[in-house]
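Let's walk through this structure together, starting with its charged contacts and moving on to its sheet, its cores and its rings. Keep the 3D view open as you read.

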Amino acid sequence: MKKITLSIFIILMQAGILKAQQTFTISGTVKNTKEEVMQGATIFIDGSEKGTSTNAKGEFKFNNIKPGTYQVIVRMVGYNSSKSSIIIQDQPASLNIQLTEKPIILRQVVIGNDSQRKENIKIFLKNFLGESENAKKCTILNLEILDFSTNKKILEATSDDFLIIENKSLGYKIKYLLRNFRYNKETGVTSYDGESVFENLEGSDNEKTSWLANRKKLSKDPLCIISDPSIKTI
């Protein structure tokens, strides 16, 4: 009887291990509203290192995806970005994504000299990155892609491409798709949202050890996604 019970226990343990190790795929196609395939669209899983682009047939695929909930983001120049929530449990997921053309919106653009833009960038960096010691080591490499506009006391920032951010405290390079940024000059209230994909920076063994230690510290007290990306082990 003991041998049978032990055998059942071992089988259950093995089944649990196999289930824990099981991975799946997320695949799909991307088209526009005219049912034309979108080749070269950027696809990524928010807050992860998973990023790819569609092939000539508008297809994409992510392998080795563990069970969990994911946000799949699609971006294509001239189109509104798309976000799809996917739950992976015990089978692969397939998406049929349709992109809509981005309307041309005329905003009240800030007209002024370079000093005005520098002031806007200063406000943006302070409220977007924060002022922590970790945030101070973040650098946005392509600030020139930011467009600023004002509406009464509201400063808005938009971008048609990814912001490229180096976090030299945590050892990440982050591509952040900024959806919107709003700063109220009267109340000091800031709101923004977007999605990100990241990669590890190249560094020496000492740098990598330091980055790992900093990441462990911040995991106990998560900051914004820029200062401490919500890393998903996929």
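A salt bridge here is a side-chain nitrogen of Lys or Arg within 4 Å of a carboxyl oxygen of Asp or Glu. Please keep in mind that the model is a predicted one. With that rule, a search of the whole structure turns up six salt bridges.

Let's begin with the pair formed by glutamate 195 and arginine 179, whose closest N and O atoms are 2.8 Å apart. Glutamate 195 belongs to strand β13 (residues 190-200) and arginine 179 to strand β12, so this salt bridge ties together parts that are 16 residues apart in sequence. How exposed or buried are the two partners? Glutamate 195 is buried, because its relative accessible area is 1%, and buried means under 20%. Arginine 179, at 30% relative accessibility, counts as partly exposed. The two also have company: salt bridges with shared partners join Lys83, Arg179 and Glu195 into one network.

Now look for lysine 102 and aspartate 160, whose side chains meet in a salt bridge with an N to O distance of 3.9 Å. Which parts of the chain does this pair tie together? Lysine 102 sits in the loop between β7 (93-99) and α2, and aspartate 160 in the loop between β10 and β11, so the bridge connects parts that are 58 residues apart in sequence. Lysine 102 is partly exposed, at a relative accessible area of 40%, while aspartate 160 counts as exposed, at 55%.

One more salt bridge is worth finding: glutamate 35 pairs with lysine 31, and their closest N and O atoms are 3.6 Å apart. Lysine 31 counts as partly exposed, with 28% relative accessibility.

Next comes a sheet. Four strands form an open sheet in the order β3-β2-β5-β6, with antiparallel pairing. Its edge strands are β3 (51-53) and β6 (82-88), each of which pairs on one side only. On average, neighbouring strands in this sheet are turned by 20 degrees against each other, direction ignored. To see one pairing in detail, pick out strand β2 (residues 42-45) and strand β5 (residues 68-75), which pair in the antiparallel sense over four bridges. Isoleucine 45 stands opposite valine 72 in β5.

From here we can turn to the nonpolar interior. In soluble globular proteins, nonpolar side chains tend to be buried together. The largest nonpolar core in this model has 23 residues, and Phe124, Phe128, Leu163, Ile165 and Leu178 touch the most other members. Which elements each supply at least two residues of this core? They are α2 (114-128), β8 (138-140), β10 (154-158), β11 (163-167) and β12 (172-184). Strand β12 gives the most, with six residues. A second, separate core has 21 residues, including Ile26, Ile65, Val74 and Met76.

Finally, let's follow the aromatic rings. The count of aromatic pairs comes to nine. Ring pairs link Phe124, Phe128, Phe148, Tyr176, Phe181 and Tyr192 into a cluster. Phe124 and Phe128 should look familiar, as they are among the residues that touch the most other members of the largest core. One ring has a charged visitor: the charged end of lysine 175 sits over the ring of phenylalanine 162, 4.8 Å from its centre.

Definitions and conventions
Residues are numbered from 1 along each chain as its sequence is written. This is a predicted model: local features need pLDDT of at least 70, side-chain atom pairs count only at pLDDT 80 or more; totals for chains, interfaces and linings use all residues. Side-chain values use heavy atoms; hydrogens and water are left out. A nonpolar core is a set of buried Ala, Val, Leu, Ile, Met, Phe, Trp, Tyr and Cys residues joined through side-chain atoms within 4.5 Å. Buried means under 20% relative accessible area, exposed over 50%, partly exposed in between (1.4 Å probe, protein chains only). Rings of Phe, Tyr and Trp (its six-membered ring) pair if their centres lie within 6.5 Å; planes under 30 degrees apart count as stacked, over 60 as edge-to-face and the rest as tilted. A charge sits over a ring if NZ of Lys or CZ of Arg is within 6 Å of the ring centre and within 35 degrees of the ring normal. Two strands pair if DSSP finds at least two bridges between them. Axes are lines fitted to C-alpha atoms, for helices over the stretch in contact, and angles run from 0 to 180 degrees between N-to-C directions.
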